[in-house]
Amino acid sequence: MAATTSEGIGTDRSLSGLLHRTRRLASAFASLVVLDARQTFHELLQVMCVAIAAVVLLVTAWLALVVAIAGWLIADGVPWPAVLAFAALANVVVAAAAGWWLWKRVKKMPFAATLRQLRGDPPPAAMPVASEAGAVEAVARTGP
């Protein structure tokens with residue numbers, strides 16, 4: 001006979017009881033993963049929508065700034081070809097700066113810590129860790 005606790009969870013020590021509890025645990029874990037993935041997807045979708053709106057507003061502001069400077073240069077008597085060259089050069093400089101920043105970010109391997117853990121590699125000698133006071137200190141790591 002299977003004994004039960006006050007929570008209604010069986011304490012059956014037989015192999016069938018163990019398999020039943022394992023199956024219930026796996027089912028509960030799978031449900032948790034699905035619900036967490038669904039919530040994460042919805043939050044990511046909201047963040048992406050706001051980010052796209054912010055990018056559209058930034059591009060609009062940048063174009064308005066370039067047009068305002070171009071209008072100011074034309075009003076000062078600068079020829080059209082020079083104004084267009086300035087606008088093109090300004091766009092190329094900003095795009096190059098953004099590309100350089102992006103290249104520095106992309107060079108870091110994504111999921112580096114996870115891949116290092118799966119391969120069994122040791123972590124870096126010192127990693128910055130935020131302390132409770134908010135200061136950053138180097139803490140030596142000794143193993144995975």
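Start with the whole chain shown as a surface: about 12100 Å² is exposed, and carbon and sulfur atoms supply 73% of that area (Shrake-Rupley method, 1.4 Å probe; for residues, only the protein chains shown count as cover). The model is predicted, so to speak of local features pLDDT must be at least 70 and side-chain atom pairs count only at pLDDT 80 or more, while totals for chains, interfaces and linings use all residues. Residues are numbered from 1 along each chain as its sequence is written, and side-chain values use heavy atoms, leaving out hydrogens and water.

Now switch to cartoon. You will find three helices and two strands, in the order α-α-α-β-β from the N terminus (DSSP runs: H or I of at least four residues for helices, E of at least two for strands). Of the 144 residues, 6% are buried (under 20% relative accessible area; exposed is over 50%, partly exposed in between).

Next, select Lys108, in the loop between α2 (80–106) and α3 (112–119). Is Lys108 buried or exposed? Its relative accessibility is 55%, so Lys108 counts as exposed.

Add Lys104, Arg105 and Lys107 to the selection: with Lys108 they form a positive surface patch. Patch members have over 30% relative accessible area and no salt bridge, with like charges joined within 9 Å and nonpolar side chains (Val, Leu, Ile, Met, Phe, Trp, Tyr) within 5 Å.

Move on to Ala113 in helix α3. Ala113 counts as partly exposed because its relative accessibility is 48%. Finally, draw a distance from the C-alpha atom of Ala113 to that of Pro124, eleven residues apart along the chain: the separation is 9.7 Å.

Note on methods:
A salt bridge is a side-chain nitrogen of Lys or Arg within 4 Å of a carboxyl oxygen of Asp or Glu. Lys and Arg count as positive and Asp and Glu as negative; His and the chain ends are not counted. The place of a charge is taken as NZ of Lys, CZ of Arg, CG of Asp or CD of Glu. Buried means under 20% relative accessible area, exposed over 50%, partly exposed in between (1.4 Å probe, protein chains only).
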